[in-house]
Structures are given as C-alpha cells and as structure tokens.
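Good morning, and thank you for coming. Please take a moment to look at the sequence and the structure before I begin.

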Amino acid sequence: MAGLLHEEAMALLMLSPETDGELMWCAQEVSDPKFMPEGWAAFNDPNSKRTFYQNQAEGSTQWEHPAMEFYKGAVFMARGGREELEAMAGKDPPSEEEIQDMADYLNIEEDDSAGVKRVARL
C-alpha cells in the first residue's frame, strides 16, 4: 500500500503552511492511509509514479483520492466559501426542486439536524 506524500496533498489542496495552518489536517488525512474511506486502498503505479486508489469491493480504480472532494470542500468553506454561497443563495435562492436534489445527492434524511439540512440550501 502507498499513498500521497504530505507535500503532494498540500499541493492538490492548494494549501500553504504559512497561511493555512488551520487546514493542514486536510493534507494530513489525505496523505495518511488510516483516513482512507472504508473499502479503499492506495497503491503506487510503478510506470507513472502516481498514486491510484482501488475500491476493493468493486475492483474499480481511480487516480483521485476517494474523499478528495470532501477535503476540497472543507478548504473552500474555511476560506470563506460558506459566506460566498450564502450571499449567492440570497440573491438567487435555489428552487425547492434543487434543494431536494441536493439533499438526495448528499443523502440528507428528514430526521437530520437543521444544520445538516441547511447545507442542501447552499
């Protein structure tokens, strides 16, 4: 098994230790195999020298870390993305259908907290 180096994860997430100290946990988790989503494993491709990821139950492979979008989202939100999304939603709020589509995509259930449901409105 292998994985991204911490420096590679920082580059993919566009993090700098000088300005993004509070977000270094994202790079740490992306580069640490113990934080790999369940059922996934990282390997190094000897030909390309790149890391690829395998869903062991399905046998499928991909080049991007399976949770990379989560970490990119965490960085975006920490850098003011939430405020930006809320401002845009205030100017052009999503339709009820768009909210429901997002809730379905994120697997937000009716009994989830109000804070979780609010994410679908962004």
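**Charged pairs, core and sheet**

In this predicted model, Glu64 has a relative accessible area of 35%, so it counts as partly exposed. Its side chain meets that of Lys72 in a salt bridge, at 3.7 Å from N to O. Lys72 is also partly exposed, because its relative accessibility is 34%. Lys72 forms a salt bridge with Glu69 as well, and there the closest N and O atoms are 4.0 Å apart. Salt bridges with shared partners thus join Glu64, Glu69 and Lys72 into one network. Lys72 and Glu69 both belong to helix α3, where they are 3 residues apart, about one turn of the helix. As a general point, an α-helix has 3.6 residues a turn, so residues three or four places apart point the same way.

How many salt bridges does the count come to? The total is 3. Besides the two in the network, Arg79 forms a salt bridge with Asp20, with the closest N and O atoms 2.8 Å apart. This pair links distant parts of the chain, since Arg79 is in helix α3 and Asp20 is in the loop between α1 and α2, 59 residues apart. Is Asp20 buried or exposed? Its relative accessible area is 7%, so Asp20 is buried. Arg79, at 42% relative accessibility, counts as partly exposed.

Both partners of that bridge also touch Leu15. Leaving aside neighbours within four places in sequence, Leu15 is in contact with Asp20 and Arg79, and also with Met10, Leu23, Met24, Cys26, Ala27 and Val75.

Leu15 leads us to the interior. In general, nonpolar side chains in soluble globular proteins tend to be buried together. The largest nonpolar core here has 19 residues, and those touching the most other members are Leu13, Leu15, Cys26, Ala27, Val30, Tyr53 and Tyr71. Two or more residues of this core come from each of α1 (6–12), α2 (24–31), β1 and α3 (68–91).

Let us consider α2 in particular. Of its 8 residues, 6 are buried, so this helix is largely enclosed by the rest of the structure. Which residues of α2 are the buried ones? They are Met24, Cys26, Ala27, Glu29, Val30 and Ser31. These buried residues pack against α1 and α3.

I turn now to the sheet. It is an open sheet of 3 strands in the order β1-β2-β3, with antiparallel pairing. Because β1 and β3 (61–62) stand at the edges, each with a single partner strand, one side of each is left without a neighbour in the sheet. The antiparallel pairing of β1 with β2 runs over 5 bridges. Phe43 stands opposite Phe52, which is in β2.

My last residue is Asp45, located in the loop between β1 (40–44) and β2 (51–55). How far from Asp45 is the nearest side chain of opposite charge? That side chain is Arg50, 7.3 Å away, and Asp45 is buried without a salt bridge. A salt bridge requires the nitrogen and the carboxyl oxygen to be within 4 Å. When residues up to four places away in sequence are not counted, Asp45 touches Arg50, Phe52 and Trp63.

To close, I ask you to compare two residues on the screen. Asp20 is buried and pairs with Arg79 in a salt bridge, whereas Asp45 is buried yet has no salt bridge. Thank you for your attention.

Key
Residues numbered from 1 in each chain as written. Predicted model: local features only at pLDDT ≥ 70, side-chain atom pairs only at ≥ 80, totals over all residues. Heavy atoms only, no water. Helix = DSSP H or I, 4+ residues; strand = E, 2+ residues; numbered from the N terminus. Buried < 20%, exposed > 50% of the residue type's maximum accessible area, 1.4 Å probe, protein only. Lys, Arg positive; Asp, Glu negative; His and termini not counted. Contact = heavy atoms within 4.5 Å. Core = buried A, V, L, I, M, F, W, Y, C linked by side-chain atoms within 4.5 Å. Pairing = 2+ DSSP bridges.
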